[in-house]
Amino acid sequence: MTNADAVPTQPQPNAGGGLARLALILSLGGVGLALGGALGSGSGSFSFRIGLLMLVIGVVVSVVGGLAAIAALVMGRRGGWAKSRMGLAALGAALLFGSYFATQFMAAMRVPPIHDVTTNLADVPQFTALGVRADNLAKVPGQGDPAYAGLTPQARWQAIHAKAYGDLATLHLPLDTAKAMARATALVQNRGWAIAKVDAASGTIEATDTSTFFRFKDDIIIRVRPDVSPAGGVIIDMRSISRVGDSDIGVNAKRIRAFLHDLAKG
């Protein structure tokens, strides 16, 4: 065969097309699986652990879809805009979902796996209307660590909490108890937390915050007491505790910081 007889190799018309469709199915299917886990867990159809497992599997499926999308874009780079559009959509979905999961994972790695957070470790606010979960101190990290040798679960929790959330502290406001309670109650209502109890006599507010997708519930107590020091005014402590899970990925501390910041602003 001479050079004149050689037939130039052309990209196959469907090169990358089928792979792009598969990539889109995987990327969106992974997102759908994760949403199904969130909705099922939030509705009580199955446990939150199954929902989280579905989330992780969904991420893996979506990442595979993203890799397939890259391959499809390379293979079908001359296959027309329709195929490129499918590949880009699949890649975009995988990147967005993967980025969200990576952000949550990194947040979890930056904080200890505890779920009970307060501004006052020496005098922790106690719930009366909302109960504390039975396994609250069952899985406190540090067991077997020489640094925490001989410490009870509560003492380990206090030590780990103090190291991770040393910035959380009792808030002082130049208000009387009634005005401070009214301001705190209004702020709770504005945040949409479900109020379980407002007790003016004890100066406590108990409420529950529910997450958007998985419908995780975190119970909160705000305690307002007169400041008996020469400074006067009131001192305000807060506690936020997750009902399920070992780690709150820093959500409870973030909630307390934001609430007290807004409470101090008035």
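Contact here means heavy atoms within 4.5 Å. Keep that in mind for the packing of helix H6. One caution before we start: this is a predicted model.

Let's take H6 first. The helix covers residues 251-265. Its length checks out. At 1.5 Å a residue, its 15 residues should span 21 Å, and the end C-alpha atoms are indeed 21 Å apart.

Which residues of H6 are buried? The list is Asn252, Ala253, Arg255, Ile256, Phe259, Leu260 and Leu263. Looking down the axis of H6, these buried residues fall within an arc of 155 degrees, so they line one face of the helix. The general rule behind that pattern is simple. An α-helix has 3.6 residues a turn, so residues three or four places apart point the same way.

What do the buried residues of H6 pack against? Their partners are strands E1, E2, E4, E5 and E6, plus helix H5. On the face turned away from the buried side, we find the exposed residues Lys254 and Lys265. After the helix comes Gly266, with a positive phi near 90 degrees.

Now the charges. Side chains of opposite charge can pair when their charged atoms come close. The model has 12 salt bridges. I'll show three.

Start with Arg223, in strand E5. Its side chain meets that of Asp237 at 3.1 Å, N to O. Asp237 sits in strand E6, 14 residues away along the chain. Both ends are buried: Arg223 has a relative accessible area of 9%, and Asp237 is at 1%.

Arg223 also makes a salt bridge with Asp123, this time at 3.6 Å. Here the partners are 100 residues apart, with Asp123 in the loop between strand E1 and helix H4. Asp123 is partly exposed, at 32% relative accessible area.

Put those together and you get a network. Salt bridges link Asp123, Arg223, Arg225 and Asp237.

The third pair is Asp219 with Arg243. Their closest N and O atoms are 2.9 Å apart. Asp219 belongs to E5, while Arg243 lies in the loop between E6 and H6, 24 residues apart. Which end is buried and which is partly exposed? Asp219 is buried at 4%, and Arg243 is partly exposed at 36%.

So, where do the two stories meet? Strands E5 and E6 are among the elements that the buried residues of H6 pack against. Those two strands also carry Arg223 and Asp237.

Conventions:
Residues are numbered from 1 along each chain as its sequence is written. This is a predicted model: local features need pLDDT of at least 70, side-chain atom pairs count only at pLDDT 80 or more; totals for chains, interfaces and linings use all residues. Side-chain values use heavy atoms; hydrogens and water are left out. A salt bridge is a side-chain nitrogen of Lys or Arg within 4 Å of a carboxyl oxygen of Asp or Glu. Helices (H or I, at least four residues) and strands (E, at least two) are DSSP runs, numbered from the N terminus. Buried means under 20% relative accessible area, exposed over 50%, partly exposed in between (1.4 Å probe, protein chains only). The expected span of a helix is 1.5 Å times one less than its number of residues. The arc is that of the directions from the helix axis to the C-beta atoms.
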